[in-house]
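Visitor: I would like to learn how to read a model like this one, feature by feature. Could we take the features in turn?

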Amino acid sequence: MSTRRIVVTSGKGGVGKTTTTANLGAALAKRGHRVVLVDADIGLRNLDLVLGLEKRIVFDIVEVAEGRCQLRQALIKDKRFDSLAILPAAQTREKEAITAEQFAAVIAGLDEFADFVLIDCPAGIETGFRNAVAGAKEALVVTTPEVSAIRDADRVIGKLLEVPMPISLIVNRLRPEMVRSGDMLAVEDVCEVLNATLVGVVPDDEEIIDTTNRGEPIVLDESNRLRTIYDKIARRLEGEDIPITSFEKPTFFKRLIGAITTG
Amino acid sequence: MIDFFKRLFGPSDSGATAKQRLQLVLMTDHLALAPEMIDAMKRELVEVISRYVEVDREKVEVDFERHDHALAMMANVPILGVARPSERAPEPLEPAQPVAAQPAAAGAPPLQQRKRRKKAQRAPA
């Protein structure tokens with residue numbers, strides 16, 4: 001199997017790119033794949049922190065690109081998994097410290113270490129985005145069901161279609177009860193507006209803050225509700241056809257029931 | 001009881017409002033990103049109108065404006081001359097489609113040429 005190089009991107013910041021990269025990467029590793037997660041956010045390193053690997057960083061991606069160290073030396077193995085590693089971003093350098101060509105060359109070098117390379121893209125559509133995309137063959141667009149996130153996702157999808165590359169969509173932080181009451185865009189609306197292929201829906205969950213605080217991937221927490229969700233997204237990426245849990249839109253009847261029960 | 005009806009009929013349907021607003025704003029975004037497409041549309045629009053009236057091609061303006069619930073295309077097309085109804089000869093709207101009986105109609109010929117042809121058609125009547 002040739003290495004899947006997937007950029008995780010969104011346009012807007014704060015929608016959950018890094019959390020998605022970390023947890024999906026962990027889910028893929030748990031399923032036995034060799035996974036390397038790349039932090040492409042030069043100057044704003046965070047993937048290491050979300051995964052609890054911040055104390056172990058020695059070299060970063062810019063140093064690899066500049067030939068100051070071997071790619072192998074910069075990879076930090078996550079000891080909780082057999083086959084998960086991260087390639088950290090440089091924290092004290094500018095985005096311009098690495099070119100798109102250099103970035104793509106480093107990513108291509110990861111083929112011998114990984115079955116899946118997930119590239120955690122910085123927010124925006126400038127240099128950092130272009131670098132991250134240059135290294136990828138496919139894209140995972142993360143959005144939340146909010147107008148600003150969706151508009152930015154649309155812009156990013158437009159950029160990715162120009163490359164072009166296959167695009168899958170994750171709707172993150174959905175609040176099912178708000179969808180049911182009509183106060184939040186439903187998943188089907190988001191997909192219709194963005195005209196993209198859905199690969200997963202992650203409900204909003206306070207536990208994600210808790211696991212991120214501790215630097216622990218959700219798939220390791222057997223009691224976590226989101227664990228199976230990331231596992232299913234991982235399986236869909238493998239090509240398995242698993243139906244996506246629908247968080248249905250409210251019908252008049254449902255609203256009537258809701259009004260009666262809460263009124 | 002008022003609360004009950006509020007919950008039943010609204011205003012809690014901001015999800016639908018969000019969808020409608022997004023569809024409109026994305027349409028505007030996409031238009032702004034596709035200037036070539038708009039130029040092509042402007043050219044073809046003028047082409048169609050000038051089959052019926054003579055227009056000042058240099059002064060044609062096409063803009064997109066947002067109204068409350070829809071995106072509107074505003075076209076300002078100065079007309080130089082209007083043909084009388086009897087002079088209007090309907091022609092195929094799609095110039096790309098070859099029409100056996102009227103080979104000259106294919107490919108939208110210049111205005112002058114078409115006028116002459118119309119006169120020739122009218123002569124026997």
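Guide: What follows is a walk through some features of chain A and then chain B. Keep in mind that this is a predicted model.

Visitor: Let us begin with the sheet. In what order do the eight strands of the open sheet in chain A stand?

Guide: A sheet is read by strand order and by pairing. Here the order in chain A is 3-4-2-5-1-6-7-8, and the pairing is mixed. Strand 3 (76-77) and strand 8 (197-203) of chain A are at the edges; each has a single partner strand, so one side of each lacks a neighbour in the sheet.

Visitor: What packs on the sheet, and which strands are touched?

Guide: Helix 7 of chain A does, in contact with strand 1, strand 6 and strand 7 (167-174) of chain A. The direction of this helix makes about 170° with that of strand 6 of chain A.

Visitor: Now one pair of strands. How many bridges join strand 2 of chain A to strand 5 of chain A, and do they run parallel or antiparallel?

Guide: Strand 2 (residues 35-39) runs parallel to strand 5 in chain A, and five bridges join them. To fix the register, take one bridge: A:Val36 is partnered by A:Val117 in strand 5 of chain A.

Visitor: Which residues of helix 6 of chain A are buried?

Guide: A helix may be read by the way its residues point. An α-helix has 3.6 residues a turn, so residues three or four places apart point the same way. In helix 6 (residues 127-134) of chain A, the buried residues are A:Gly128, A:Phe129, A:Asn131, A:Ala132 and A:Val133. Their cover includes two strands of chain A, strand 1 (4-9) and strand 5 (116-120), together with helix 5 (100-109) and helix 7 (147-162) of chain A.

Visitor: How is a pair of helices read? At what angle do helix 1 and helix 11 of chain A pack?

Guide: Take the angle, the axis distance, the handedness and the residues that meet. Helix 1 (residues 17-30) and helix 11 (residues 227-238) of chain A pack at about 70°, and their axes are 8 Å apart. Angles of 65 to 115 degrees count as roughly perpendicular, and therefore helix 1 and helix 11 of chain A are described that way. Their crossing is right-handed. From helix 1 of chain A, A:Asn23, A:Leu24, A:Ala27 and A:Leu28 meet A:Tyr230, A:Asp231, A:Ile233 and A:Ala234 of helix 11 of chain A.

Visitor: Next, the backbone. Where is A:Pro164, and is the peptide bond from A:Val163 to A:Pro164 cis or trans?

Guide: That bond is cis, with omega near -10°. A:Pro164 belongs to the loop between helix 7 and strand 7 of chain A.

Visitor: Which phi values deserve a look?

Guide: Look for a positive phi at a residue that is not a glycine. A:Arg173 has one of about 55°, and A:Asn195 has one of about 50°. A:Arg173 sits in strand 7 of chain A, whereas A:Asn195 is in the loop between helix 9 (187-194) and strand 8 of chain A.

Visitor: Why is A:Arg173 counted as buried and A:Asn195 as exposed?

Guide: The count of C-beta neighbours decides. A residue is buried with 20 or more others within 10 Å and exposed with 12 or fewer. A:Arg173 has 21 inside 10 Å and is therefore buried; A:Asn195 has 12 and is therefore exposed.

Visitor: Where does A:Glu138 fall, and what is in contact with A:Glu138?

Guide: A:Glu138 is partly exposed, because its C-beta neighbours inside 10 Å come to 15. This residue is part of strand 6 (residues 138-143) of chain A. Beyond its neighbours within four places in sequence, its contacts are A:Arg4, A:Ile6, A:Met165 and A:Pro166. The C-alpha atom of A:Pro166, 28 residues away along the chain, is 5.0 Å from that of A:Glu138.

Visitor: And chain B? What pattern does the chain follow?

Guide: Chain B has four helices and four strands, in the pattern α-α-α-β-β-β-β-α. Of its 125 residues, 4% count as buried. Strand 2 (residues 61-66) of chain B is hardly covered, with zero buried residues among its six. Six bridges join strand 2 to strand 3 (residues 71-76) of chain B, and the two run antiparallel. In that pairing, B:Asp63 has B:Met74 as its bridge partner.

How values were computed. Residues numbered from 1 in each chain as written. Chains lettered and ligands numbered in written order. Predicted model: local features only at pLDDT ≥ 70, side-chain atom pairs only at ≥ 80, totals over all residues. Contact = placed C-beta atoms within 7 Å. Pairing = 2+ DSSP bridges. Axes fitted to C-alpha atoms, helices over the stretch in contact; angles between N-to-C directions. Parallel < 35°, antiparallel > 145°, perpendicular 65-115°, else oblique. Left-handed = near helix turned anticlockwise from the far one by under 90°.
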